Amino acid sequence: NIIGIPIVQQKHDEKEEGCFNTESYPEWNNFLKNIKLLGGVLLITMSKMSPGGFIYPHKDSNFVAHKIYFPLNWPRGCYFKIYKNGLVDFSDLKPKIINSGEYIHSVINDSKEERIIVSIFVDWNVEPWKKIFEEEF
């Protein structure tokens, strides 16, 4: 079952949109099946960052402050930094809840590989997500 999701290609401040085939990421496809069962998934996007790409320090202006980041890969030399909180370690390729709406953060891909990450926006008031959020924070 091939799953395609919207993708944004990022290099510096340039964006290019398209669709990404997740067939070669079985761990992501299993995660997606499980979160769909929870309900309350508002939006899923995927971002690629080319080698040498970066995103300037910013706060996200999306409709939820906290979102789930699921790295499909995290090359050595890739950095996600939250201002005054340090680096977020995505090298374990595990999803993490990040408050990107209230905290200034930036991303740098100083590797020779493309970085691919999925952003998941959920309704934190839906009971399963509410419980996950309370356990995390």
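**A helix, a sheet and a ring cluster**

Trainee: Let me start with helix H1: are Lys33 and Leu37 buried or exposed?
Mentor: This is a predicted model, where local features need pLDDT of at least 70, side-chain atom pairs count only at pLDDT 80 or more, and totals for chains, interfaces and linings use all residues. Residues are numbered from 1 along each chain as its sequence is written, and side-chain values use heavy atoms, without hydrogens and water. Buried means under 20% relative accessible area, exposed over 50%, partly exposed in between (1.4 Å probe, protein chains only). On the other side of H1 from its buried residues, Lys33 and Leu37 are exposed.

Trainee: Within what arc do the buried residues of H1 fall?
Mentor: Helices (H or I, at least four residues) and strands (E, at least two) are DSSP runs, numbered from the N terminus. The buried residues of H1 are Trp28, Asn29, Phe31, Leu32 and Ile35. Seen down the axis of H1, they line one face of the helix, because the arc (of directions from the helix axis to the C-beta atoms) within which they fall is 160°.

Trainee: Which residue follows H1?
Mentor: Helix H1 covers residues 26-38. The residue that comes after H1 has a positive phi, near 75°, and is Gly39.

Trainee: Now for the sheet: in what order do its strands stand?
Mentor: Two strands pair if DSSP finds at least two bridges between them. The sheet is open, has 4 strands and pairs in the antiparallel sense. S4 (54-58) and S7 stand at its edges with a single partner strand each, so one side of each is left without a neighbour in the sheet. Across the sheet, the order is S4-S9-S6-S7.

Trainee: Over how many bridges do S6 and S9 pair?
Mentor: Two opposite positions help you follow this pairing on the model. Ile82 stands opposite His105 in S9, and Cys78 stands opposite Asn109 in S9. S6 and S9 (residues 105-109) are antiparallel, and their bridges number 5.

Trainee: Which residue in the turn between S6 and S7 has a positive phi?
Mentor: S6 and S7 (residues 86-87) pair in the antiparallel sense over 2 bridges, with Lys81 opposite Leu87 in S7. The two strands form a hairpin with 3 residues between them. In the turn, the residue with a positive phi of about 65° is Lys84.

Trainee: Which side chains of S6 point to the buried face?
Mentor: Along S6 (residues 78-82) the side chains alternate between two faces. Tyr79 and Lys81 point to one face and are not buried. Pointing to the other face, and buried, are Cys78, Phe80 and Ile82.

Trainee: What is the angle between the planes of Trp74 and Phe90?
Mentor: Rings of Phe, Tyr and Trp (its six-membered ring) pair if their centres lie within 6.5 Å; planes under 30 degrees apart count as stacked, over 60 as edge-to-face and the rest as tilted. A search of the whole structure finds 10 aromatic pairs. Among them is the tilted pair of Trp74 and Phe90, with centres 4.9 Å apart and planes at 50°.

Trainee: How many residues apart in sequence are the parts tied together by Trp74 and Phe90?
Mentor: Both Trp74 and Phe90 are buried. Trp74 lies in the loop between S5 (66-71) and S6, and Phe90 in the loop between S7 and S8 (96-99). The pair therefore ties together parts whose separation in sequence, in residues, is 16.

Trainee: Which residues do ring pairs link into a cluster?
Mentor: Phe80 and Phe90 form an edge-to-face pair, because their ring centres are 5.6 Å apart and their planes are at 70°. Phe80 is buried, with a relative accessible area of 2%, and Phe90 is buried, with 0%. The cluster linked by ring pairs consists of Tyr69, Trp74, Phe80 and Phe90.

Conventions. The expected span of a helix is 1.5 Å times one less than its number of residues.
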